[in-house]
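Welcome! Here is a short guided tour for anyone meeting this structure for the first time. Please have a look at the picture below before reading on.

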2 protein chains.
Amino acid sequence: MTNNISQGLNCPLPIDNYATVVLAHGGGGKLTHQLIDQVFKKHFSNPDLDLMHDGAMVHVEAGRIALSTDSYVVSPIIFPGGNIGELAVNGTVNDIAMCGAQPKYLSASFIIEEGLSVAELEIIVKAMSLAAKTSGVSIVTGDTKVVPRGKADKLFITTAGVGAIPDGRNIHPSTITVGDAIIISGTIADHGMAIMSVREGLEFESEIVSDTLALNSLVEEMYRVSPNIHFLRDPTRGGVASTLNEIAASAKKGIRLFEHSIPVKENVRSACEILGFDPLYVANEGKLIAIVSQSDTEKILAAMRNHPSGKDSAVIGQVTNDHASVVVLQTAIGGERVVEMISGEQLPRIC
Amino acid sequence: MTNNISQGLNCPLPIDNYATVVLAHGGGGKLTHQLIDQVFKKHFSNPDLDLMHDGAMVHVEAGRIALSTDSYVVSPIIFPGGNIGELAVNGTVNDIAMCGAQPKYLSASFIIEEGLSVAELEIIVKAMSLAAKTSGVSIVTGDTKVVPRGKADKLFITTAGVGAIPDGRNIHPSTITVGDAIIISGTIADHGMAIMSVREGLEFESEIVSDTLALNSLVEEMYRVSPNIHFLRDPTRGGVASTLNEIAASAKKGIRLFEHSIPVKENVRSACEILGFDPLYVANEGKLIAIVSQSDTEKILAAMRNHPSGKDSAVIGQVTNDHASVVVLQTAIGGERVVEMISGEQLPRIC
């Protein structure tokens, strides 16, 4: 233990001497600087961030940019396959990539409940740093607030980001055309069932892990082989079903899904059955839905399958003229049913 | 009351039938869309937002941009002179303006505690919309999460924003020069004491109100008369004292403050005395500190005083060569004392 008195108030204890975050770490003074220097800057350090101004001053080339944000409130904050930190980086990277943009800069804002373990916070910050490096973005600015015990739940992270949209890319519902193929970049429902398995104490022979992953490099690979990508969306909260309903509604087209072609891992399917979930409604955090022109489907699918983040990609449906704004599932046994948007809350605090 | 059964599940109740936000409003499905359409889009509507993609696709002049974010956790969420919503808009607008940038686009992310009154949420969203219009920014993208009762405190809002930095503007500590004047744009400690007066139940003849205000138009007016603005910062958490300490440290220059020239409202000064606060450490939400070249000080000060957001502007100090990284206050009675950065947490959840 350090001698508190000889140090005096002017020289507060190093962060290592705090096992947990205290209210004063959010006061905007010395302790806040200490937390920032010894946890956030230590892992995020880059010239733009290190200037430590109220905002970051950065360069963009293109005229069109994408701006996106998400708040992460997932519980537990550390789960099989990831934690809230990498989820917050990958999620916003993906939202930017789904605009056809190349993510460049992120902001990260932390709302910390007094009492959060500093060690746990550092694990999460480290994971954010690694996720940012992996996806090629810089965390250039941020904010830290601390609220009293019982006024938040451990840690909420809000990231926002910007990316440049290269010329010639136009993700817009109006470009969706009858006959377009609907591609999913891999197995569905992994993230949601990883969280639910932990919460429910389920154990399987092979652990269900979150699919949290940045998709920007996969998107670049897709654009490398074809410009005819009409729409991109990552099916997070509400799952594939809700995302496709949103797309069908905004494009005013019908969507037909083929149940037998939707990839679901065996352990995820079992967990869904045990807990009574339909995988179509369960959140994903490392998958994208692409709506692409019929003529380029094979080319794009091949490129996706060759990419490590898209090896299980599959065509799962088609845009139709039959039933505007409605998603219909052709079931494995040959029947048909309407797939509604999720109504209420299936899995609170999944992301 | 609407007939729940005849409507069926496909057509949930309009938001007016919910007095409070429920968990399902955060599920990413129909109820989320309803909350977005009937509260957020109703007030924020603009073509970029209305596209309702995962991110907004917007235009910026190619070149330098500023990116900033802040989370707002102020309690109470509605206070004399404002609420958490306009604070969240003005705060991020100001952080961007303090980079010398012209704020253009904001994102807004809401973490709502189950049970928040929908009416209260709408008051706050309306205030955000008005604040955005007043400062000339568009809220183009956002996110909504709902957490169970007791896992947050009513409402947290995180805004992020981007702005374009016109050529020739260079806010950087390295440009701060010995002899530069330190200007404050008005009376200090208003926001912090407005919050504290409510919390402590203090009453004065004239109510203390928050100074929450967007400063981007004042900054433009300053640049109109002079390019020689070396540094800008809004003294929020930690107050003028902490902000000047940060500036002194990053510029490696001394700062001398003149106590008698620091403007403080009479009721604010009384509240500080009663509650034992030093106004130099109390948060402001509509004031800026400008560090400007000596030769242009009069010109800039005159322009600020002519602007409605800067009418009480005053020169409160000077950059010196005497004591690198230290802020010294020349007191009204002729003494001198070192003004330290705030150490811990003086006023939790002030912003």
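## Where the two chains meet

What you see is a predicted model. A good place to begin is the interface: 79 residues of chain B are in contact with 79 residues of chain A. The size of an interface is often given as the accessible area lost when the parts come together. Here, about 6400 Å² is buried between chain B and chain A, and carbon and sulfur atoms give 58% of that area. On the chain B side, the residues that lose the most area to chain A are B:Asp54, B:Leu67 and B:Arg237, which together account for 12% of what that side buries.

How many residue pairs are in polar contact between chain B and chain A? The count is 33, with both residues of each pair at pLDDT 80 or more. Several elements of chain B each supply at least two residues to the side that touches chain A, including helix 2 (30-44), strand 2 (63-72), strand 7 (155-164) and helix 8 (239-251). Strand 2 of chain B gives the most, with nine residues. Sorted by class, the side of chain B that touches chain A holds 38 nonpolar, 25 polar and 16 charged residues.

## Charged pairs

Side chains of opposite charge can pair when their charged atoms come close. Six salt bridges are found across the interface of chain B and chain A. In one salt bridge to look for, the side chain of A:Asp143 meets that of B:Arg237, at 2.9 Å from N to O. You have already met B:Arg237 as one of the residues of chain B that lose the most area to chain A.

Over all chains, the whole structure has 38 salt bridges. Within chain A, the side chains of A:Arg256 and A:Glu336 meet in a salt bridge with an N to O distance of 2.7 Å. This pair links distant parts of the chain: A:Arg256 sits in strand 10 (residues 254-258) of chain A and A:Glu336 in strand 14 (residues 336-338) of chain A, 80 residues apart.

## A sheet that borrows a strand from chain A

Strands of a sheet pair through backbone hydrogen bonds, either parallel or antiparallel. Which strands make up the open sheet of five strands with four members from chain B? The order is 1(A)-2(B)-7(B)-5(B)-6(B), and the pairing is mixed. Strand 1 of chain A and strand 6 of chain B stand at the edges, each with a single partner strand, so one side of each has no neighbour in the sheet. On average, neighbouring strands of this sheet are turned by 20° against each other, direction ignored.

Now follow the links across the sheet. Strand 1 (residues 56-60) of chain A runs antiparallel to strand 2 of chain B, and five bridges join them; in this region A:Val60 stands opposite B:Gly63. Further along, strand 5 of chain B and strand 7 of chain B pair in the antiparallel sense over ten bridges, and B:Tyr105 has B:Val162 in strand 7 as a bridge partner. Helix 2 of chain B packs on the sheet, where it touches strand 5 and strand 6 of chain B, and its direction makes about 150° with that of strand 6.

## A sheet that borrows a strand from chain B

Another open sheet of five strands has the order 6(A)-5(A)-7(A)-2(A)-1(B), again with mixed pairing. Its edges are strand 6 (138-147) of chain A and strand 1 of chain B; each has a single partner strand, so one side of each is left without a neighbour in the sheet. Neighbouring strands are turned by 20° against each other on average, direction ignored.

In this sheet, nine bridges join strand 5 (residues 102-113) of chain A to strand 6 of chain A, and the two run parallel. A:Ala108 has A:Gly142 in strand 6 of chain A as its bridge partner. Helix 2 (residues 30-44) of chain A lies across strand 5 and strand 6 of chain A, at about 150° to strand 6.

## Backbone details

Most residues other than glycine have a negative phi, and most peptide bonds are trans. The peptide bond from A:Ser75 to A:Pro76 is cis, with omega near 0°, and A:Pro76 lies in the loop between strand 2 (64-72) and strand 3 (78-79) of chain A. In chain B, a cis peptide bond joins B:Ser75 and B:Pro76, with B:Pro76 in the loop between strand 2 and strand 3 (78-79) of that chain.

One more residue to find is B:Ala189, which has a positive phi of about 80° although it is not a glycine. B:Ala189 is placed in the loop between strand 8 (181-184) and helix 6 (190-200) of chain B.

Terms used
Residues numbered from 1 in each chain as written. Chains lettered and ligands numbered in written order. Predicted model: local features only at pLDDT ≥ 70, side-chain atom pairs only at ≥ 80, totals over all residues. Heavy atoms only, no water. Contact = heavy atoms within 4.5 Å. Buried area = accessible area lost by both parts, 1.4 Å probe. Salt bridge = Lys/Arg side-chain N within 4 Å of Asp/Glu carboxyl O. Polar contact = N/O pair within 3.5 Å; in protein donor to acceptor, adjacent residues only side chain to side chain. Nonpolar A, V, L, I, M, F, W, Y, C, P; charged D, E, K, R; others polar. Pairing = 2+ DSSP bridges. Axes fitted to C-alpha atoms, helices over the stretch in contact; angles between N-to-C directions.
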